[in-house]
Amino acid sequence: MVSETLARSACRMVSLLLVAAGLALPIPSTAAEPSTELLAALQRGGYALLVRHAQTEPGVGDPPGMRLDDCATQRNLSAAGREQARAIGAVVRSRAIPVAAVRSSQWCRCLDTARLAFGGFAPVDAWPALNSFFDDRSVEPARTRELRAALPAVLGATNVVWVTHQVNITALTGIVPAPGEIVVIRASADGVVVAGRWVP
């Protein structure tokens, strides 16, 4: 029993260290611009843009006692993150990428990213399926299933934006994105296809 508890604690510590390391990784310069093919696809529409929230104040997870209805209890965007979010929206707009709907995790850092970046495209709707499961991995399967189930509805000459957390994006795509990175996905017969990655 003691060894199992120690093993679980060790796994959690490794996960925390990996996430912290991911937050510190430099953004590769090759991801700064979408490929010509990816840009053309986005301009045609039919994709979900999974956006990891922009840069935050230092830390991993949220402080003890965090509440969704009180931003002061959460880890929030830094000043640089707020500028990053505005820049994301400006770049997407300058590339003439159509966006019909914007959904966000209920966490303040995601809602703020969504509003600063994409508020001019469409109203921002809070969607619990995009909420972080960092502190409760038991809810991951249900949330990932809900995202997968919603993806086939993304059709036509436009796109949707889903602003969420690293753990959610990784569970859905296997990718560990940088803060502010966009992972472009679409539905396929096999589930989810990653069309590309982009750090505006």
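Let's start with Ala96, which is exposed at a relative accessible area of 55%. Bear in mind that what you have here is a predicted model. Besides that alanine, the main things to look at are an open sheet of 6 strands, a disulfide between Cys71 and Cys108, and helix α6, which is largely enclosed by the rest of the structure.

**Ala96 and its backbone**
- You'll find Ala96 in the loop between α3 and β2 (101-104).
- Its phi is the odd bit: Ala96 sits at a positive value of about 55° although it is not a glycine.
- For context, most residues other than glycine have a negative phi.

**The cysteines**
- The count comes to 1 disulfide, and the pair involved is Cys71 and Cys108, with the sulfurs 2.0 Å apart.
- The link ties together distant parts of the chain, 37 residues apart: Cys71 is in the loop between β1 (48-52) and α3 (79-94), while Cys108 belongs to helix α4 (residues 108-118).
- If you care about the torsion, the angle about the S-S bond is -80°, making the link of Cys71 and Cys108 left-handed.
- The two ends are not equally covered: Cys71 is partly exposed at 36% relative accessible area, whereas Cys108 is buried at 4%.
- Why does Cys110 not form a bond with the closest cysteine sulfur? Because its own sulfur is 9.4 Å from that one, in Cys108, and the cut-off for a disulfide is 2.5 Å.
- Cys110 is also buried, with a relative accessibility of 0%.

**The sheet**
- Reading across the open sheet, the strand order is β3-β2-β4-β1-β5-β6, and the pairing is mixed.
- The edges belong to β3 (124-126) and β6 (191-198); each has a single partner strand, so one side of each has no neighbour in the sheet.
- On average, neighbouring strands of this sheet are turned by 25° against each other, direction ignored.
- Inside the sheet, β1 and β5 (residues 182-188) run antiparallel and are joined by 4 bridges.
- Across from Leu49 you'll see Val184, a residue of β5.

**Helix α6**
- This helix covers residues 166-173, and 6 of its 8 residues are buried, so the rest of the structure largely encloses it.
- Which residues of α6 are buried? They are Gln166, Val167, Asn168, Ile169, Leu172 and Thr173.
- Right after α6 comes Gly174, with a positive phi near 80°.

Key
Residues are numbered from 1 along each chain as its sequence is written. This is a predicted model: local features need pLDDT of at least 70, side-chain atom pairs count only at pLDDT 80 or more; totals for chains, interfaces and linings use all residues. Side-chain values use heavy atoms; hydrogens and water are left out. Buried means under 20% relative accessible area, exposed over 50%, partly exposed in between (1.4 Å probe, protein chains only). Helices (H or I, at least four residues) and strands (E, at least two) are DSSP runs, numbered from the N terminus. Two strands pair if DSSP finds at least two bridges between them. Axes are lines fitted to C-alpha atoms, for helices over the stretch in contact, and angles run from 0 to 180 degrees between N-to-C directions.
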